[in-house]
Structure formats: C-alpha cells, structure tokens
Amino acid sequence: MTKYILKRFTMAIVTIWAIITITFFLMHSVPGNPFATESRKIPENIMENLMKKYGLDKPKSEQYMMYLKNIARFDFGESMKSNTETVNEMIARGFPVSAHLGVQAILIALILGPALGAIAALYQNKTPDYISMIISIIGVSVPSFVMGSFLIQFVARNVDWLPIGGWGEFRHTILPSFALAMMPLAQFARLMRSSMLEVLNQDYIKTAKSKGITRTAVIMKHAVRNAILPIVSMLGTTISNLVAGSFVIEKIFGIPGLGMFFTTSVFNRDYTLIMGVTVFYAMVLITMMLLVDIAYMLIDPRIRLTKEGR
Amino acid sequence: MRRKFIAMMSIFLVLVMLVTGCSSPADETGDETDDAETKKILKTNNSSEPGSLDPPLAQGTHESWILENVFEGLMTFDEKGELVEGMAEKYEVSEDGLTYTFYLRDAKWTNGDPVTAHDFEYSWKRALAPETAANYASILYYIKGAEAYNTGNGSADDVAIKALDDKTLEVTLESPTAYFLELTAFYTYFPVNKNVAESNPDWAKDPSTYVSNGPFKLVEWKHNDQIVLEKNENYYNADKIKLDGIELDIIEDQNTAWQKYEGGEYHINVDVPTSVVAELQANNNPELNIGLQVGTYYYNVNPAVKPFNNAKVRKALSMAMDRETITKNITQGGQIPAYGVVPPGLKDESGKDFRETVGSLTEYNPDEAKKLFEEGLKEEGMTVQDFNNAGFVLLYNTSESHKKIAQAVQEMWRTTLGIEIGLENVEFQVKLDREQSGDYQISRAGWIGDYMDPMTFLDLWWSDSAFNDVKYNNPEYDALIQKAKTTTDQAERMEAMRQAEKMLMEDMPVLPVYFYTQPYTVKPNVTGIIKVPVRYPIITYADITD
C-alpha cells in the first residue's frame, strides 16, 4: 500500500510538471496579453512598462524556469489583472466558497441520484421508472445557465427567503447547490439504473432470493452494493469538478468562488492566474483520483492494486 | 463492506471540508439590515471586481465608480453636474495658458492628515513613474516632462509639477490645453496620501489601511462579493452628502443584477441588459434613464486592402448603411445614429453642441452609394464579381449585439451594393492582434471619450496616435490637429477641429455607426443621481426618500 501510494505520488509530480509545461507554452502562444482591455488600447511605451513590471519582457525560457522555481515553493505569483490579491490569495479565497457549494451539490447528487436510479430499475418500465428518467433527462440536457436563470426567475423571485444571488448565509447556497447538482444527479441516476438492472439479473441475486432473504435485504445488501461501483469510479472527476467550482453557476448567482477564474483568467490572459488555477485543479483532481482508487480497493476486494499490473 | 464504503465516503467529504476550512458561512452580521432602516444606504451593483483601488492603477469604470466616491481631485463635479473647485479652493491660469496655480482648501484625509500640495506632486509623479506601470499614465502627458519621465527618457525632477508650499501647487503644461481643469477631476489625477503611500506600499489593498479624501470612505471590501462605503464626516462638503453609505455588490451577470433591482434589492442599476432596455422603453417606464455618453461605435476599413484604399468605395459603404434602422430596431437603447465621429454633448466656443454645428457628414443614400461604389471599383480595375470572389469579411469581437449589427449591415450592403461580405467573430484580444498586424478588411471598433472635448475623438486619427487602427495618415489632417492642440484661442481651436472632422469624413477611413448611450434605471424614491457624459452616473449626491 505504501509503495503503491509512493509510486502514485511520483507519477502525480510528473503529471503536474507536464501540465505546467504544456499550459505555459500553450497560453503564451495565444495572441493577446494581460493588459489589453476591450474599451481601451494601451500605448506601446506604457505596455513596455507593464511588461517589465511583470517580467514578461524576459525570454520565455527564463520565465518558465522562474515559474517552476516559484511553484516548487507553492508560490503562484502576482495576478496580472489584480493589483490587490496574489494568485495564492485568490485561490485561498475562492476555493472554500466553491468547495462549500460543491460538497453540498455532491451530497444532493449522491443521495438522490442513486436512489432515483435504483427505484427506476426496480420498477422498470413502470411509472416510477418514467418519472425518474424524465428527471434525469432534464438534468443531463438542460444546460446549467438555463437551470440557474430558471431558478432565479421562478423560485428566488417568488420565495422571499431565498436570495436572488450573492453570498454569505446558508440560504444563499441552496439554489446554486441544486443547480450544480442536477447534472451529476442525473448521470448517477442513469448509471445506477443500468448497472442495477444488470446486477438484478445476476445469478447471485437469484441465489439470494431463493435462499429466502427478504426483498429489502437482497436489494440493499447485494444489489445496491454491487451496482454502485460504476458510480464510485465516476466520483473522482465529479467531486473535483464540483469542488473546483462552475463558471456558469458562479457567474449567474454572483458567487465569489474559484470557478469564475478558470474562464476569466483565460479571457484576460492573466498568465499567472491561468497557471495557478490549472495547477491547483490538477492537484485536486489527482488527489481525488487517488482517494477514489483507494476507496475502490476497499469496497471491491476483487481489485488488487499491487498485483494486477497497475 | 458497505459500511466501509460509507466510512470512506464520509472521510472524503470530511477531508474536503477540512481542506477548504468550510465553516458555517453564516458570518454575516444580522444588524446590518436594522441599520439600513434608520440609515440611508444606497444599494447597487458594481458589475466587476476592481483590480485595484489605488487611483493610478485603476483601468475602467468598475474601479473609477468607487474611486470617484472616495477620492476627490483638484476639480470635481457638483450636485448639478457642473465642474467646480474640489480640493482646490481657487486657481489661476497664466496668460499663455501654460501655467496653472492651484490654491488648496483646508481639507483632511480620512486619517486626519491635511491634504497638501506635496501629496498632489507626489501622486502625479508616482502615477508617471515607469515602475508604477500605470495603464492610464498617458492622460498625464499634458504636463511638461511627463511623457519623457514615463517612457524612461527623463527624470521625475523635470516633470513640471511643483508644490510651492503646503497649499500651492504649480503645474506647467506642454501646450495650452483647454480641458486641463476637467482632467484634474479624472481618477488618474486623484491625490494619494504621501506619508501613507510611502510607508506602506500595500495601503490600497485593505480597507483598514486605506486613506482617501473624498465624500465617502472605504470600510469593507469582500472580493468578488461586496464593497461598502461609509460617509466621510470629515469631508469639507459633508452637508451636501445625503447618504450615510453605499453598498455595491459585485455581480457580473447582467440578468442577475437586473433581477435584484427588480426584486427591490437595488436602488440603481447601471448595466441593464439590452432586451430589458428595449422593453422598458416600449412601456415608457419612468425608472429608465437614457444617459448621454461620449462614445462612438464605428467600423475600421483597412486601406491597405484593395479596393478599400479607394475613398469612393469607403464612402459608398457608409452611404449604404441605414443607421436609423440599426438604432431603432437592433440596439434599442436610445442610441443616436452617427453621421460623424464626434458624439453630441461636447460644446464648442459659443456653447453650442459641436455635433450640431458641424452637422451630418455622411448620409443614408442608396442611389448615391451604388453610383460611388461602381465608380470606385472601376478606378481600382475591379468588378463586383471580383469583389465578391475576394471573400472579404467584417471582423467583430464575439458578442450578441455586435453580431446583430454586423448581420444588419451585411444585409444592407448586399441589397444596396449587391456585394457579399462575410462575418467573422473572434475573441477581442485576437481582434486587437489582427488589427495591429493589418490582417482584416473591415473591423468593428468603438471609442469612449476621456474628457469633454472633441479632441478626445479627433486625436485618434492623428498619424502618430497609438489608437489609429486604420493607420490614417493625412498631413493636412495632422496640421489641423496640431493647430488645435497649440492655439489658446477657443474659436480658432474649434474651427480647426470642425475642419478636421469634415476632412476625416471626406476620406472616410472609418464608418461611424452610432453614438453610445448609457441606459440606467433608478427607483422612484431615489433622487439626486446625475449623469455627466464622460462619467458613469454620479451617485455621490443621491438621496433616498420614503
């Protein structure tokens, strides 16, 4: 186990280095610069002053080495668009907000999604099946900006207690959490339904039934536990996506999270912030994947990490 | 085993909670709402997170809207929107219009220090220092020696800003500038407290160390969330300030902000979605104000591409555009069709509107357009067929409204001139890049004026201007601009600029489309919000009645 984790850790470092390198050269090859604004062009000499201030006048290779050096100390540098916060400060401020929403959304999706899927499978081709599948089709196909706007227009505007947007209290988190949870909820439900149907036809379920175990016990102990495996393998990416925040949801609900930075940093060519959020996201993703693999191993004893060529 | 899974999941979530330090988010104080009932707090949205609240580092309205409430320059706008003395009690201008002497009033910083002429000298030189890398340093170039210092070719000592004593500031300009007084009300000209800024370079990052001299002070700045201003009781003109404070949310989404305004959470909303403006206008909603803005929306025509090098072709394109239709049916925000480049609202020597005196310099005339176009093409040895085969495109930065306008113009050119021009949208940075390298035929552009003088527009097409996208180069035009920039005689200046605009529209290097407006909505119980064309709506003197 320790050896395995150590190996994974080394691989993680290599992966992150590759991500840094690719992102760095990719973003510098895109036209534009961090100081351009839509309404105003900047005279050349002032641009030179700005380039010098942020070290962008140095050769790319030197900038790259500098960046690697700083990142080894977890210093993401100064944002080129904000003169107020460093990239570290921006991430430290935005991530807890996004993660808070993300965790709530995961809880919602994880409680409702598999339940919905399991019910659909148990009542295959009956009304509960249709209802839960309609819900999940809506969840998968309605884009989050539509869902968000819909919730604001029809729920928040009519329920006084639910704010239209902003951040601060628990009630601010309710609508965005639901909007965020819809997509994974629907995916979980569909996945659960199909894997549950498959499991229900397995011999061991028939064996369990014929042994005279109650229906509830068969479902809970044998069927659900086996059917939930595909969802567990999806969890790693889903959790990291959700905790890293969603640009659309955060923009619509006016939430000061991390998700916004993924898009705005690229749009602004805020090089340090682009690198910062990319590397940070990569770290979260890699950690989550590792945790999921460990969880997988614990749930399913058939998977032996060290032996089967992993 | 199932228990193990649940345990594992819980560990996951707890871990995430721990990592993120996810405590109860209910740290909002409850008494804020109680205060709002007794105090007059204006609530609104600032649409974007300020990059910096240090005046020389500010870049746009998302910063200046805050700065204009917490700082005050030598001159300022009063409650009627008139330019009046601010930090300066009075001023003198030398005969040749080059030297300005400002005598400061007894005003205090929010930390109790007196505002001195040394603060101004320090601040302006700080804004010019190359290390500061102020985006907007060029607006200080009117001062003698300023450009040389900012570009690294001169020293701070050679910049002609001098504090003669604590209360007297002397400034010498490169050449007489009729609108210099107004510039001193602009945010890059705001003073910062010398002692504070020298001892703590990070003073502007935190409200606790933030020191300003305006009608309000910064008390809270929750990034990407909310900014809170409180009335500055030490402000010399505090009697004129009716509000006890201003709360500005930072919500980027126009529609969400609008929903909050409609739901009664905001007193004023500035960035109103286009579709909402159209609807409010159709219903004659009294909450809607169409503020005047000095800005022009236009298309650049690349003269390096044949046949756009021919003025007749460019004029034909302009004459084939039905601007009334565009403003009435597409933009729908009260925009004004543009038949010149200088927008209305700028006064000439006799106090008349510059735009009105000059009149329309282009028109919608399909027949004349067709005739000119054919002549122009013939002169370039091309046929309409050649033109259409060339695959010319109109380039614009990705946005729903630019797209609609471009589609309309495309159709107008097709029906009037029988030509096919494609549309291409790119991200604005890519557009800038392509304009710079000349890789375009026609491209969308816009300009918002910085000060109330036609020069803020006409200067753009001066051959040396950094903003001259079409690389317009006409020595006669340059001579007129040069004349307007150096003469002290108002009438002569204005005449030179009138001539310059006529000359420009005769060559038509750009096709003006419309003049911008700034629609904003104000609740009926709010009074005293004023709109000066070069500014965002001024909320400083607002009052809330019940």
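These are my notebook entries on one helix, one residue and one chain contact in a predicted model.

Conventions. I number residues from 1 along each chain as its sequence is written, and I letter chains from A and number ligands from 1 in the order in which they are written. Because the model is predicted, I take local features only at pLDDT of at least 70 and side-chain atom pairs only at pLDDT 80 or more, while totals for chains, interfaces and linings use all residues.

Helix H9. I looked up H9 of chain A, residues 215-227 (helices being DSSP runs of H or I, at least four residues, numbered from the N terminus), and found Ile219(A), Ala223(A), Val224(A) and Ala227(A) buried, that is, with 20 or more other C-beta atoms, placed from the backbone, within 10 Å of their own. They lie on the same side of H9(A), because they cover an arc of only 90° around the axis, taken from the directions from the helix axis to the C-beta atoms. The buried residues of H9(A) pack against helices H4 (87-122), H7 (170-200) and H8 (203-210) of chain A.

Ser136(A). I placed Ser136(A) in helix H5, residues 127-141, of chain A, and it counts as buried because it has 25 C-beta neighbours inside 10 Å. Leaving aside residues up to four places away in sequence, Ser136(A) touches Leu116(A), Ala186(A), Ala189(A) and Arg190(A), a contact being C-beta atoms, placed from the backbone, within 7 Å.

Chains A and B. I noted that 51 residues of chain A are in contact with 51 residues of chain B. Among the helices of chain A that each supply at least two residues to the side touching chain B are H2 (44-53), H6 (144-156) and H13 (271-299).

Conventions: Buried ≥ 20, exposed ≤ 12 C-beta atoms within 10 Å, placed from the backbone. Contact = placed C-beta atoms within 7 Å.
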